[in-house]
Amino acid sequence: MSSITADGQATHAHTSNEFGVGEFITTYVFSRDHKVIGLQFLFSTLLWFLIGGLLAIGIRWQLAWPWSDMPVIGPMLFSAEGGQISPEFYTMLFTMHATVMTFLVIIPILAGAFGNYLIPLMIGADDMAFPTLNMLSYWVMWPAFLFFGGSFFVAGNGASSGWTSYPPLASMTEAAPGSGLAQTMWLIALTCVGISSMMGSVNYMTTIIQMRAPGMTMMRLPMTIWGMFITALLQAFALPVLTAAGFMQLADRLFGTGFFVPEGLIVNNSEMAAGGGQPLLWQHLFWFYSHPAVYIMILPAMGMVSDILACFARKPLFGYKPMVYAICGIAGLGFIVWGHHMFVSGMNPGLGMTFMVATMMIALPSAVKTFNWLGTIYGGKIQFTTPMLFALSFVLMFVIGGLSGIFMAATPVDIFIHDTYFIVAHFHYVLFGGTAMAVFGAIYFWFPKMFGRMMNEPLGKIHFLLTFLFMNGTFFTMHILGAVGFPRRLADPYHYETFRHLLPMNQFMTICAILMVACQIFFIVNFFYSIFFGPKAGRNPWHANGLEWQAPSPPGHGNFDFQPIVYRGPYEYGSPEVDEDYYPQTQPPNQRGDTDEPATMVNH
Amino acid sequence: MGRFWSLLFLSVPILGVLTFLWAALGWYPLEGHWFPELVVADSSIDHLFYVILWMTGLVFIGTGLAMFWFLWKYDDTKHDGPVWYSHGSHLLEIIWSVVPAVVILFLAIYQMDAWAGARMRRPMLENGQPKPPIARVTGRQFEWKIQYPGNDKQFDTPDDLYTTNDLHVPRDEEVVLEITSEDVLHSFFLPNFREKQDVVPGMKQFIWFKPVKDGKYDIVCAELCGWGHYKMKGQITVESASDYRAWLEKAYNEQELSEYSLAEAE
C-alpha cells in the first residue's frame with residue numbers, strides 16, 4: 001500500500017502480512033503505474049542496448065581482423081569454426097545488431113521508458129489515460145524479446161536478411177541459411193513490437209490531449225512532451241503499414257503467396273513456385289514506416305535535449321513556437337520522403353526527383369531547431385553538468401548527421417554513396433551521436449526523480465568524455481570509408497582490390513568501438529550504485545521549472561501530493577520577475593518559490 | 001572545467017575538417033582514402049559531392065565555432081551578470097529559415113541535370129532509337145553472368161557469348177548495359193565509374209556510362225544477397241575498341257571450342 005506523507009516522500013506503509021506475493025506482483029511486475037512501466041521499459045531496453053553493442057563488436061572484429069579467431073567469445077560461440085566468424089554468422093550479426101538497436105532499444109527507450117515515465121508527470125496527470133493498456137504495452141514486448149532472443153538459437157542462429165528484410169532474400173526460406181525459422185520469428189517479433197508501440201501511441205495521444213493539469217495549454221507543454229506527442233501520431237499512422245507488410249511477408253514464407261516474389265525465380269537451381277509479386281512493393285511499404293521511424297527515433301530525443309539545454313543554460317528555450325512547428329514540419333515531411341531510400345532500387349527515376357526535393361526540405365526544420373538550440377545557450381549561464389554535456393554533444397553530433405544527410409538526399413551523389421559506409425556514418429551520427437547521447441543525458445537528468453537519488457557527477461563526466469571520444473573515433477572515420485565506396489554488409493570487403501588498403505583504418509575504428517563499449521562500465525557502475533547509495537535528491541535538485549520537479553522524488557502512486565495548476569510555460573529561467581533564476585510552472589505569480597516544497601498545496 | 005569542455009567541443013570541427021582534408025589530399029597514412037580513380041567522362045557526381053561538401057563544411061565549421069564560443073563565453077563559473085532573457089526573435093527565425101531554404105532549393109535544382117543524365121536520358125542512336133545494350137548482366141547467388149548478343153545483335157540467339165564475372169567494354173563509347181537478376185536482389189556497383197544500380201528480379205533495367213581510361217576495375221555487389229554476398233566479385237575491363245573486338249572474337253572462339261569439346265567428350 002503506497003501513501004504520501006506530509007513532506008511529500010512516498011512511503012510504502014505495509015507489513016509482511018499486507019504486502020504479499022500478490023501485491024508484489026501487482027506493484028512491481030504487472031503494475032499499472034506508468035512510472036513502474038517506464039522503469040520496466042528502461043531496464044529491459046538498457047539490457048538489450050548492451051546485447052546490441054556486443055553484436056556490433058562482432059561485426060567490427062570481422063572487419064578489422066577478418067577470418068581470425070575471436071578471443072574468448074569466439075570459441076564459446078562458434079567452436080566448430082575454431083572461433084572464427086563465418087559469413088553466415090556475420091550476416092546474422094549486422095541484421096540482429098540493427099534490429100535490436102532499432103526495435104528493442106531506441107524506439108522503446110524513448111517512447112516506452114521516457115514517454116511512460118515523463119508524460120503524466122510533465123503534464124500534471126496522475127497516470128496514463130489507459131493504465132491497463134499501458135501495462136499490456138510493456139508485456140506485449142516480452143514475446144518480441146523472446147522471439148528475437150530465441151531466433152539466435154534456431155537454425156541459422158538469427159535472422160540474416162538485413163534489418164530491412166528485403167525480399168526475395170527474406171521471403172524465401174531457400175535463399176539463405178538464416179532465412180528459415182529465424183526469419184519467421186523475426187517477423188512475429190516485429191509484429192509484437194508494432195502492437196506494443198501502437199498501444200503506447202494511443203495512450204500517449206489520449207493522455208496528452210485529455211489529462212493535462214489546469215492551465216497546461218498545448219503551448220505550455222515542455223518540448224519533451226511535444227516530441228512524444230508527434231512521435232505517437234507518427235506511430236499511429238505509419239505502423240499499421242509495416243505490420244500489414246510483415247503479415248504479407250509471413251504469408252509469402254508460410255503459405256506460398258507471392259506478394260513480393262516475382263515470376264520465374266531460380267534459387268538453388270530450382271524454379272520457385274510462387275510468383276507474380278514485386279520486390280519493390282516491400283521496399284515501399286517497409287520505408288513508409290521505417291523512414292518516419294527515423295523521426296520516431298529522434299523527435300523525443302530532440303524534446304528532451306531542449307529541456308536539458310534550457311535548464312542548464314539557465315535561460316528560456318529560444319523560439320519555443322518555431323521549435324514546435326519544426327517538430328510538426330519534420331513529422332509531416334517525414335511521411336513523404338520514404339522513397340529516398342530507394343534512389344538506386346529500380347524505382348522510377350522521375351519519382352526519385354520528387355522524393356529528392358521533399359527530402360532536401362527536411363533540412364529546413366532541422367536547421368531551425370539547431371539554430372534555436374544555439375540561441376538557447378547564447379547569453380546564458382551554462383552549467384556543465386553531465387546531462388548538459390550529453391545534450392550539447394547531441395546538438396553537435398546532430399549537425400554532423402543532419403549535414404551528411406544532404407549528400408544522400410542529392411540523388412546523383414546517392415548513386416555513389418548508397419549502401420556504403422557513408423550511410424552507416426550518417427545514421428550512427430543521428431542515432432548514436434544523437435539519440436543515444438540524448439538518452440544518456442536524459443537518464444542522468446531524470447534519475448533523481450526516478451530513484452530519489454543523485455548519480456555521481458565525476459563518474460558521469462568520465463563516461464561522457466570517453467563515450468564522446470571513442471564514438472567520434474568509430475563513426476567519423478566511416479565518412480572516409482564511404483568516400484572510397486566501402487560497401488556495408490560485406491563479410492570480407494578486402495576480397496575486392498578497391499578496398500584492400502582500408503584494413504588499418506578499420507582496425508582503428510574497431511579499437512575505438514571496443515573501447516566505446518568498454519567505457520559503458522562507468523555508466524553501469526554509476527547507475528546501479530546510485531540507485532542504492534547515491535546522495536538523496538530533493539524534489540527539485542536541478543532547480544528546474546517542469547511539473548515533474550514539483551512532485552516527490554520518487555513520486556508515489558498518483559504522482560502529485562497536490563493539485564498542480566499551471567501558470568506559465570516550462571522555460572522561465574532567469575526571469576526578471578522573481579529573485580531565483582527559475583520560476584516553476586506551478587508557482588503562482590509574485591510568490592517566492594521554495595526548492596523542496598510544492599508550490600501550491602491543494603488537497604488532492 | 002567549462003574551458004575544457006568548450007575546447008573538447010571545438011576539437012570536433014577542427015579534427016573533422018582535418019580528417020577530410022587529409023584524406024582528400026591523400027597524405028600519409030590516408031593514401032587512397034578518398035574517391036577511387038574516376039574512369040568515365042561524366043564527373044558530375046564528384047562535382048556535386050564537392051559542392052555539397054563545401055556548403056555543409058562551412059555550416060559545420062560555423063555552427064561548431066559558434067557553439068564553442070558560446071560555451072567558452074557563457075560558462076557559469078566565469079560569467080557574471082544576468083542572462084539574456086529572451087524567448088526568441090521573429091526576425092532571426094525568418095533569416096535562418098529563408099537562407100537555408102534558398103540554398104537547399106538551389107541545390108535541388110542544380111542536381112536535376114546530373115540525375116537526368118545518369119538515369120533518364122538514355123543514349124540514342126542517330127535514328128532516334130534508344131541505343132541497344134552492349135551486354136546483359138545477370139546477378140545470381142553469387143556471381144555475375146555476362147551475356148553478349150553476338151553478331152546478330154539479338155539476345156538469346158545461338159551466337160550469344162557467355163562469360164562469368166568478366167565484363168569487357170570499349171573505351172570512349174557510350175556503353176549501355178541491360179541488368180537483371182535471376183534470384184534475389186543484387187546491386188551492380190562500379191566504384192570507379194560512380195555507377196550503382198540495384199538488380200531486381202522480374203525487372204529489366206538499363207544503365208549507361210562512357211569509360212575513358214583503360215584498365216581493369218572491380219564489379220562490386222552492394223546489396224545483401226545471402227551469405228556469399230562478399231564473394232560476388234566481378235571485373236570490368238576497359239580497352240580500346242579494336243582490343244575489345246579482338247577480345248570478343250577470341251572469347252567467342254574459345255566458347256565454340258569448349259562446346260565442341262564437351263559434345264565430343266560425351
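How many salt bridges are there between chain A and chain B? The count is two. Keep in mind that this is a predicted model. One of the salt bridges pairs the side chains of Glu497(A) and Lys233(B), with 3.2 Å from N to O.

Beyond that, 23 residue pairs sit in polar contact between chain A and chain B, both partners at pLDDT 80 or more. On the side of chain A that touches chain B, helix H14 (residues 386-409) chips in the most, with 12 residues. Here is how that side of chain A splits up by class:

| Class | Residues on the chain A side |
|---|---|
| Nonpolar | 76 residues |
| Polar | 29 residues |
| Charged | 12 residues |

As for the contact as a whole, chain A puts in 117 residues and chain B puts in 96 residues. Together the two chains bury about 9,100 Å², and 75% of that is on carbon and sulfur atoms. Which residues of chain A lose the most area to chain B? They are Ile415(A), Phe416(A) and Tyr496(A), which together make up 8% of what that side buries.

Now over to chain B and its helix H4 (residues 112-120). Ala114(B), Trp115(B), Ala116(B), Ala118(B) and Arg119(B) are buried in this helix. What do the buried residues of H4(B) pack against? From chain A there are helix H12 (349-361) and helix H15 (411-417). Chain B itself supplies helix H2 (44-73), along with strand S7 (195-199) and strand S8 (205-209).

Technical notes: Residues are numbered from 1 along each chain as its sequence is written. Chains are lettered from A and ligands numbered from 1 in the order in which they are written. This is a predicted model: local features need pLDDT of at least 70, side-chain atom pairs count only at pLDDT 80 or more; totals for chains, interfaces and linings use all residues. Side-chain values use heavy atoms; hydrogens and water are left out. Contact means heavy atoms within 4.5 Å. Buried area is the accessible area (1.4 Å probe) that two parts lose on being put together, summed over both. A salt bridge is a side-chain nitrogen of Lys or Arg within 4 Å of a carboxyl oxygen of Asp or Glu. A polar contact is a pair of N or O atoms within 3.5 Å; within protein, one must be able to donate a hydrogen and the other to accept it, and residues adjacent in sequence count only if both atoms are side-chain atoms. Helices (H or I, at least four residues) and strands (E, at least two) are DSSP runs, numbered from the N terminus. Ala, Val, Leu, Ile, Met, Phe, Trp, Tyr, Cys and Pro count as nonpolar, Asp, Glu, Lys and Arg as charged, and the others, Gly among them, as polar. Buried means under 20% relative accessible area, exposed over 50%, partly exposed in between (1.4 Å probe, protein chains only).
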